[in-house]
Each structure stands twice: as structure tokens, then as C-alpha cells.
Protein chains: 2
Amino acid sequence: METLSRARCFGGEQRVLRHRSAETGTEMRFAAFLPPQALAGDRVPVVWFLAGLTCTEENFTVKAGAQRVAAELGLLLVAPDTSPRGEGVPDDPQGAWDFGLGAGFYVDATQDPWAKHYRMRSYIERELPALVGAALPADLARQGIMGHSMGGHGALTIALRHPGRYAAVSAFAPICSPLRCPWGEKALGHYLGPDRAAWRQYDATALIEDGARVPDILVDQGTADGFLDTQLKPRLLAEACGRAGIPLTLRMQDGYDHSYFFIASVMEDHLRWHAARLERMAEGRSRPRA
Amino acid sequence: METLSRARCFGGEQRVLRHRSAETGTEMRFAAFLPPQALAGDRVPVVWFLAGLTCTEENFTVKAGAQRVAAELGLLLVAPDTSPRGEGVPDDPQGAWDFGLGAGFYVDATQDPWAKHYRMRSYIERELPALVGAALPADLARQGIMGHSMGGHGALTIALRHPGRYAAVSAFAPICSPLRCPWGEKALGHYLGPDRAAWRQYDATALIEDGARVPDILVDQGTADGFLDTQLKPRLLAEACGRAGIPLTLRMQDGYDHSYFFIASVMEDHLRWHAARLERMAEGRSRPRA
């Protein structure tokens, strides 16, 4: 694990790190914000931010304005990259931005030529948490997960597949059902092949239909987001949550688009949502049982 | 004046605009954040942010996290580009990043081949304010100016040359004396020629020595800034302000570097500094005279 950069930020420290990934077979980068409490020696809760199409670990780090509130709340923020990169990693044959590099979709690919490197599910779920726990003052018993667009899909599906692991899950303009949108159909079709039954573990609405549960979900969605009706479809998530009895706080934000200006505008609410649930989790654990 | 993009942000609107500049003879871009009060129809105070070497109008806009507090305080933020650009605009002959494109130094060049396009002083002082006043709901009777590094130099020198125009001036890690640092000597030597007397109007400490005054100045400077001792030299500004009786609030920020992570960490303080002085200016104007 190599630290590429460190910068003091809101009393904490913003780092970019690089390591060799066994899952992807490549070097991977991620960004980590250590709040002041972590620099002072505490092991602090971790909130994961999974980014959207075309992003790296940098977009969230420089654009989302999350460090101020994370510093106040004592949250360690981890922002991974969105795909493997480097020599030998295949990209979209036409160089399209919605598949391949920058578009790992948080799946373990099963189809050639993608299966060798595109293992973002195992990387995010298993390999990177272990590395973060070993290298940083992170308390992995207290985690939350959030994401934007493709990363919102990642956050929702990972939380749904691991009930109890994350105290909180939230998303900014998430792709709610890859089974039912062009981005998802392209990505899952290539990474997983034509059998759509294999896609259901990577679709938040399908996971909920198949019985997966989380205590609650926060989603913000801009009404001026150009991808709202074609790709994101929060109505599908609302319907699935409604049928399953999962409390979904879906806030349609008037006039906001798909950009980090939107994410920054609601980031504080999301971090406080996570902090409140991480706090409750810690209280529940320390309370003596009757 | 063409609006290239608009994005809702903290209840306001972040825009990028493009126009033909008579001063630079090129197309110029700038970014403007309109707070909610401006969208509701008010003419609101303007705070200018002048960026540093290599920057465009984008860096401040996406990295400084200023919109949240500007929305609260009702400030219109304008972030210009840092040099003319485009076909026919000469750059550093060696392509160095500290001169030419992205490095206009907020001067009107007098030397060939720079004099034709490099007129950032007149552009920022005269042309752009008039365009902003005409195209946006800006109250030019209430202005503040701030900047980073080369832009801190710009903010300080422009405010010192226009006593009474700006209610407040502040800077993040400013170049305090271009006459006495390599970046400044290179830039002013090329743009203005070898006669150093002509440089003094572009040096905050020289302007103060020559009698220019502002009511007070706020400067933040990171102690881990790699340019602190060689290029920035806040001690020179402190000495000049001390001799002139200008109250300088110089805050040395422990462990911070030269990046936007530093700027973002202290941005709120600067915006509140400006808002307080803009408020006082407005009160002074509306108070009946005895």
C-alpha cells in the first residue's frame, strides 16, 4: 500500500493510495479522508462512496465537499476507483464511456474478455475493506455505504446482499434497475452474458423482490437530471420498497441535474443520515442485554 | 454573452459563461454562482475569486466548496479565467506552467509579443465587471475580491489600486511580492520589461509602500505549502502592512499545503469576512447623515 498524496483538509487528511489488487490483477487507487478523530488515534466509522460512470477516485474527493461534515462527524470516507485500469485491461471496443474502463458496474464479470480483470464486486466487498482495515484507522464494525448513479446502484446492491454489514445505505441519483435500462443491459450483458437470471444479484429492485432487506434507504434525485427517465428510474425502486415494506426516503430535488453540484448540495444530509445510524448501531452494541 | 452551462447548486445556480473580450481580443470564459436571492430577483453583492497559476474558471467552481455559504449569505461569486487563450495567444516558449497561458498575473502587458492579448488587469478591473453588471443580477456597488496564489496577488493589488471599490479583500496563500520571487520576476520581466519601477503597481507590498491603503486584509497561509518561503513570502506583506498601519489578519494554518483542500477548509471564514464588510458598507450607505 503506497500513499501517493496527503493533504490537510478541514483538520483531517485527504490521502490517495495505490495498491496491487489480487482481485483485479491490476494496480488500483482509492482516496481516503481521515477525520481529525482518526489522526488523533481513534478507530472511526467508515463511509464508502461509490462513484458513477467515467469517474475515478478523484471526482468525489475534489467535488463533493464531503470532508467538512465528515470531519465534524468523525467519519472516514473511502472513495474507490470505478474499474480496473492499465495495460491488458480491455475497454469498450468502440471506446464508449458507458462500458469498460470507468464503468465496472460493481460486478464480478463471468464472460471473456472481461472476467479476468473486471472483479469490482469482490474488490469492493472483500479485498478493499480488508486493506483499509489494515492500513487505516477504520472501525469496520461500523460502516455505511453510498454512491452516485452507477455507484448508487453499487451501494444499494452491495448493502442488500450484506444485511447487517452496513448501518446505513444511501444514494444520489442511482441506477435503480440495471435489468431495465440501456446502461445496465449493455454492461450486464457484456460482463455476465445473456442469462438475465444471473443479473438479478446486481439489480436493487430484483434483490428486493427476491427477499433482500435493509432497514431503510435514503435516495436523492434531481428532477432536471437528463438520465432520470431513461436510465435511473427511481419509481422502480420506490415500487419494490413499497411492496417489501422497506422505508425509502426518496427526495425529488427540484431543478437539480446529475452533476456533483447536485451531490454537493445534499451531501451533508447523507452524511448525517449515516452518522445517526452508525451512532445507533454503536449504542445498540454497548447497551447491556436484558 | 453565451451561457455554456447551468446547474442548480445549493438552491442557487452555477453557470459558466463565454463572451468576446475587447481587452484580450479573445473569447473568455468565466464562472458565476447565483445565490437563491439572485434567482428570486434581488441584485446581490459580488465576490470575485481570482485563481492561481494553471487554473481556469473551473478550479474554484468545482473544488472550493464556496457555493454553500455563498447561498446562505446571498453572494454572487464570479471566477474568471487566468489568462487569454486560443489561437494566436503566445505561450511560454518552453511551455512552462508558470508563465503565459494560465498565468496572466493580472497585468496589462506592455512588451511584445504579450501586449496584444495579455490584458488581464483591464479585463478584470473594467471590462468583466461591466459585463457582469449587465448580464447578471449583480450589485456592483457592493463588491469583495479574493484570490489564491497568483490570484491572491491579483486580489490584493486590484483592491489596493481601487480604494473604496471593494468592501473587503482577502487571499489564500497569495504571492505577496512579485518583485521579490522567481514567479513574479519571470512574469513581470516578460510582460512589462526590465524597468522594475513599472512593476510596482503589480506588487502589493510596493503599492503599500507607495501609499496605497485598504481598511483591512485577511490572509490564510498553510505552513506545509511548498511555495511558502520561495514564492509567497507573507512576511513581506506583514511588514508592509505593519509599517503602513493596515490591519492584516494573517493566519498561518498548521500543516496545510497549497491545494484547494486548503482553500476549501478556510473558504467559509473568508466568505463571512466579506459578507460582514459588505453588510457594514450597505448599512453605512443607508444610515442618515447627522
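Reader: Why is Cys55(B) not assigned to a disulfide?

Author: The sulfur of Cys55(B) lies 16 Å from the closest cysteine sulfur, that of Cys9(A), which is too far for a bond; a disulfide is a pair of cysteine sulfur atoms within 2.5 Å. This is a predicted model, in which local features need pLDDT of at least 70 and side-chain atom pairs count only at pLDDT 80 or more, while totals for chains, interfaces and linings use all residues; side-chain values use heavy atoms, without hydrogens and water. Residues are numbered from 1 along each chain as its sequence is written, with chains lettered from A and ligands numbered from 1 in the order in which they are written.

Reader: How many disulfides are found over all chains?

Author: The search of the whole structure returns 0. Cys241(A) is in no disulfide, its nearest cysteine sulfur being that of Cys176(A), 8.6 Å away.

Reader: What makes Cys55(B) and Cys241(A) buried?

Author: Buried means under 20% relative accessible area, exposed over 50%, and partly exposed in between (1.4 Å probe, protein chains only). Cys55(B) has 6% and Cys241(A) has 1%, so each is called buried.

Reader: Why are β2(B) and β3(B) said to pair?

Author: Strands pair if DSSP finds at least two bridges between them, and 8 bridges join β2(B), residues 12-20, to β3(B) in the antiparallel sense. Strands are DSSP runs (E, at least two residues) and helices likewise (H or I, at least four), numbered from the N terminus. Arg18(B) has Arg29(B) as its bridge partner. The two strands form a hairpin with 6 residues between them, and Gly25(B) in the turn has a positive phi of about 70 degrees. β3(B) is also joined to β5(B), residues 76-80, by 4 antiparallel bridges; there Phe33(B) stands opposite Leu77(B).

Reader: What makes β3(B) mostly covered?

Author: In this strand, residues 27-34, 6 of the 8 residues are buried.

Reader: Why are β1 and β9 of chain A placed at the edges?

Author: The 9 strands of chain A form an open sheet of mixed pairing, in the order β1-β2-β3-β5-β4-β6-β7-β8-β9. β1 (2-9) and β9 (248-253) each have a single partner strand, so one side of each is left without a neighbour in the sheet. The twist averages 20 degrees from one strand to the next. β9(A) pairs with β8(A), residues 217-222, in the parallel sense over 6 bridges, and Asp220(A) stands opposite Arg251(A).

Reader: Which strands does helix α9(A) lie across?

Author: Helix α9(A), residues 234-244, lies across β8 and β9 of chain A at about 155 degrees to β9(A). Contact means heavy atoms within 4.5 Å; axes are lines fitted to C-alpha atoms, for helices over the stretch in contact, and angles run from 0 to 180 degrees between N-to-C directions.
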